[in-house]
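User: Please take a close look at how charged side chains pair in this model. Go through the pairs one after another, and explain the terms as you meet them.

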Amino acid sequence: MNIILLGPPGAGKGTQASMLVDERNMIQLSTGDMLRDAKTSGTAMGKKVAEVMDRGELVTDEIVIGLIREKLEGDKKGGFIFDGFPRTLAQADALAALLEEQGEALDVAIEMQVNDDVLVERILGRAAEAVAAGGTARADDNEESLKIRLMAYYKQTSPLIGYYYAKGQLKSVDGLGKIEAVKAEIAKALK
Ligand code: AMP
């Protein structure tokens, strides 16, 4: 089974993806995590994307499609969970083509619906918790970058909801509940 978790920053995509990895032996492909790894390891690509990411804007389609392409070629285990990818219509088309090349297909895009005020609270809360625990917050978990990330979501990513609806591949879940409740809704959407 290959699925997309679709939703704005702070919707809980990463949390749900990691539970699916543990319980269904799926592979989480988070382009955000891959890009942050490239940033910390200081690769040429990491250096190139650092500023764009910290500002909260999207990196180029070419970069993220390249990252995903590499990962699709290996062991497919229980299937892929695309987390934070695709984020543009061009990425969505590229994903369909890449899956087809691998003899795979997308089963469902799960839209995690949340209220914008909750997102802002969650993200700024996540940053405050990280700092309170003696760590550092994600460079883009601040009010300024968050505004840009939300705008990028509404301008560039939210059209994917209509795109997957039109393809007959969209299911929506309420992402506002407790982690376990959202998990149960996702399990239902995967049946
Ligand atoms: P995330 O962890 O998914 O919130 O991603 C963090 C940041 O990485 C985003 O704000 C973008 O700058 C970049 N990023 C992650 N995934 C993508 C993508 N699919 N397309 C473009 N930029 C991305």
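Analyst: E57 has a relative accessibility of 36% and therefore counts as partly exposed, a class that lies between buried (under 20% relative accessible area) and exposed (over 50%), with a 1.4 Å probe and protein chains only. This is a predicted model, in which local features need pLDDT of at least 70 and side-chain atom pairs count only at pLDDT 80 or more, while totals for chains, interfaces and linings use all residues. Residues are numbered from 1 along each chain as its sequence is written, and side-chain values use heavy atoms, with hydrogens and water left out.

The side chain of E57 meets that of R55 in a salt bridge, at 3.1 Å from N to O; the term stands for a side-chain nitrogen of Lys or Arg within 4 Å of a carboxyl oxygen of Asp or Glu. R55 is also partly exposed, because its relative accessible area is 37%. As a general point, side chains of opposite charge can pair when their charged atoms come close.

In total, the structure holds 10 salt bridges, and among them is the one between K183 and E23, whose side chains meet at 2.9 Å, again from N to O. K183 belongs to helix α9 (residues 179-189) and E23 to helix α1 (residues 13-24), so this pair ties together parts that lie 160 residues apart in sequence; a helix here is a DSSP run (H or I, at least four residues), numbered from the N terminus. K183 has a relative accessible area of 22% and is therefore partly exposed, whereas E23, at 52%, is exposed.

The next pair is R126 with D141, a salt bridge in which the closest N and O atoms are 2.8 Å apart. It links distant parts of the chain, since R126 sits in helix α6 (residues 116-132) and D141 in the loop between α6 and α7 (143-157), 15 residues apart. Here the two ends differ in their cover: R126 counts as partly exposed because its relative accessibility is 36%, whereas D141, with a relative accessibility of 5%, counts as buried.

R126 and D141 also belong to a wider arrangement, for they are linked with R138, D140 and R149 in a network of salt bridges. Taken together, the pairs described here include R55 with E57, K183 of helix α9 with E23 of helix α1, and R126 with the buried D141.

How values were computed. Helices (H or I, at least four residues) and strands (E, at least two) are DSSP runs, numbered from the N terminus.
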